[in-house]
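Let's walk through this model together, starting with how confident the predictor is and then moving from one helix to the sheet beneath. Keep the structure open beside you as you read.

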Amino acid sequence: KMFYSKTALFELALAYLLVMVCPSSCWISSLMTPARSCQDLTRYCEARCRLKLRLSTKGHSDSSILPAQHTEAIHSKLTFIIDRAFPVFRVPLEIFRKFVVTTILIVSTCLWPVTLENPPSTQLEYLRTRSLAVAAVSTEESRIVAEAWKILDKAFVDKTFNGNDWTEVRKKYVRTNYKNTAEAYAAIREMTGLLGDRFTRFLTPAQYETLSNMYTSETPQAGVGVEMALDPESNQIKIVSVVPSSPAEKVGVKKGDFIVAINDVSVGGKLGSTPDDAASLLRGEDGSTVNIKLESKGKTRELVLTREILKATSVSSKLVPSPESNSFMVGVIRIPSFNKATTSQVLSEAKALRTQGAKALLLDLRGNLGGYFPAGVDLAKELLPSDTTIVSVADGKGSGSDYRTEHNGALAEVSLAVLVDHNTASAAEVLTAALQDNKRAGVIGEQTYGKGLVQTIARLQDGSALVITVAKYRTPLGQDINKEGISPDLTVKFKDKKEEVSYVPMSMYLNTVHD
């Protein structure tokens, strides 16, 4: 349907040979990055090509306009066709492009010189209009969807794709013409939804930047002072604690409230949102505002909160005596989540506590939903002796590796215990299991959440991203905790306003040297 006649088709082939006949990194670069202007292509043709395409200039004052339009039309359409076709071959897009370009170069060098005199300008206009219209509307959007499909195909841990024929999924979504970016994003969300994994999800460019900063920033972002968890019964995002004197407490946010929407973006319920998604929306610049919609006992209310830098968003600590002996001082270290700075902060707090006389450390991981997986592994390295298994990770193909310590950690000989609850998840469970299985710390509290999956973030070319479940992990003793959780050594029920150390008998503080 694209070509008006055989003449136009022949014109297309020869015109493409015109711009491809001389091997040039300049032209290949323009195909790899199809943003070169008509003027650039015209100058390239005039300077490099041995062939001359003499087009009618009737109705045009500038004789370079038609060649420029023509070469851009060919370039746009060919790039569009390549990008739509490449997923069939299951090779990287750049390699496929280079293969096509190289093939055309080899063929074209055998065919020169050829000239084409005065092709019908009406056919040329038809070709140009159709090519550029299709390319402008579809190329970028389809390319984003194709890229997302390719990444999921390669990286997602479940190679059955939740029972879906992934090739048929490609045909449905990659070959669709999308009118705008919003339609392409909706298609990617539908694809991730087919996988049946609530942790695999799509992020807009803004969401990606916020989530990336949350996990990798050395300094905490401003927040509102709430800790959240996924309510297993309603599948809603539930507030499990509110930081005293925080922005949330000041405007009346209560423990037990459900977050329905943040800045008019719905969360929880059937949307598959996680507490991480909600946290990324709540965080932002210090002093900025965020609107939240809450639900409690069947009633909804909307509040406006001003974000602040909160100490509670990073590691905190205190020194308290054990209930069994006032002379046995315990350093309590609260870790609300894991980010790039967590390990250095814990080491700093532990050093200060030991200087003040702490004889044991109590890690409080209650409500810690995880976060940056490498941070959990890094902290375990500082708490375990040399040549100790931390966690075993296996991808969708069954291949995997063990994370092990290479030397004695800085805190490997300090007496240690851990507090957990049903909202202790992911990276926090990795740390807990590593300490428990290696008999490095007593674990006190409730059965943990049970998230034995590892995610990575893959950024797409337009700045959006995919959070993808890429692997499953097992504890050092080979236990699969996904959907099961970790059983504590001592089960207790936590009560509000009760000192952390009151739950922990002195016998639960284990030491690699004495126990």
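A residue is called buried here when its relative accessible area is under 20%, and exposed when that area is over 50%, with partly exposed in between. That vocabulary will come up again and again below.

First, a word on confidence. What you see is a predicted model. The protein chain has an average pLDDT of 76, and 69% of the residues reach at least 70. Two stretches deserve caution: over residues 1-6 pLDDT stays under 50, and the model has 12 contacts beyond four places in sequence for them. Residues 18-74 also stay under 50, with 99 contacts beyond four places in sequence.

Now turn to helix 12, which covers residues 342-355. Its 14 residues should span 20 Å at 1.5 Å a residue, and the end C-alpha atoms are indeed 20 Å apart, so expectation and model agree. Which residues of helix 12 are buried? They are T342, T343, V346, E349, A350 and L353. Looking down the axis of helix 12, you will find these buried residues within an arc of 130 degrees, so they line one face of the helix. K351 and T355, on the other side, are exposed. The cover over the buried residues includes strand 10 (316-322), strand 11 (325-334), strand 12 (360-364) and helix 13 (373-383). After helix 12 comes G357, with a positive phi near 110 degrees.

The strands just mentioned lead us to the sheet. Strands of a sheet pair through backbone hydrogen bonds, and they may do so parallel or antiparallel. In this model, 6 strands make up an open sheet with mixed pairing, in the order 10-11-12-15-16-19. Strand 10 and strand 19 are the edge strands, each pairing on one side only. Within the sheet, strand 12 and strand 15 (residues 415-420) run parallel and are joined by 5 bridges. If you look for L361, you will see it opposite L416 in strand 15.

Two helices lie across strands of this sheet. Helix 12 lies across strand 10, strand 11 and strand 12, and runs at about 165 degrees to strand 11. Helix 14 (residues 427-437) lies across strand 12, strand 15 and strand 16 (442-445), at about 135 degrees to strand 15.

Further along the chain, in the loop between strand 16 and strand 17 (453-459), sits G452. Is G452 buried or exposed? Its relative accessibility is 0%, so G452 counts as buried. Beyond its neighbours within four places in sequence, G452 is in contact with A471, K472, Y473, I481 and N482. G452 and A427 are 25 residues apart in sequence, while their C-alpha atoms are 9.0 Å apart in space.

Finally, two loop residues are worth a visit for their backbone angles. D264 is not a glycine, yet its phi is positive, about 65 degrees. D264 lies in the loop between strand 6 (258-262) and strand 7 (265-266), and it counts as exposed because its relative accessibility is 77%. K483, also a residue other than glycine, has a positive phi near 65 degrees. You will find K483 in the loop between strand 18 (465-474) and strand 19 (490-491), where K483 is exposed with a relative accessible area of 75%.

Technical notes
Residues are numbered from 1 along each chain as its sequence is written. This is a predicted model: local features need pLDDT of at least 70, side-chain atom pairs count only at pLDDT 80 or more; totals for chains, interfaces and linings use all residues. Side-chain values use heavy atoms; hydrogens and water are left out. pLDDT is the predictor's confidence in each residue, from 0 to 100. Contact means heavy atoms within 4.5 Å. Helices (H or I, at least four residues) and strands (E, at least two) are DSSP runs, numbered from the N terminus. The expected span of a helix is 1.5 Å times one less than its number of residues. Buried means under 20% relative accessible area, exposed over 50%, partly exposed in between (1.4 Å probe, protein chains only). The arc is that of the directions from the helix axis to the C-beta atoms. Two strands pair if DSSP finds at least two bridges between them. Axes are lines fitted to C-alpha atoms, for helices over the stretch in contact, and angles run from 0 to 180 degrees between N-to-C directions.
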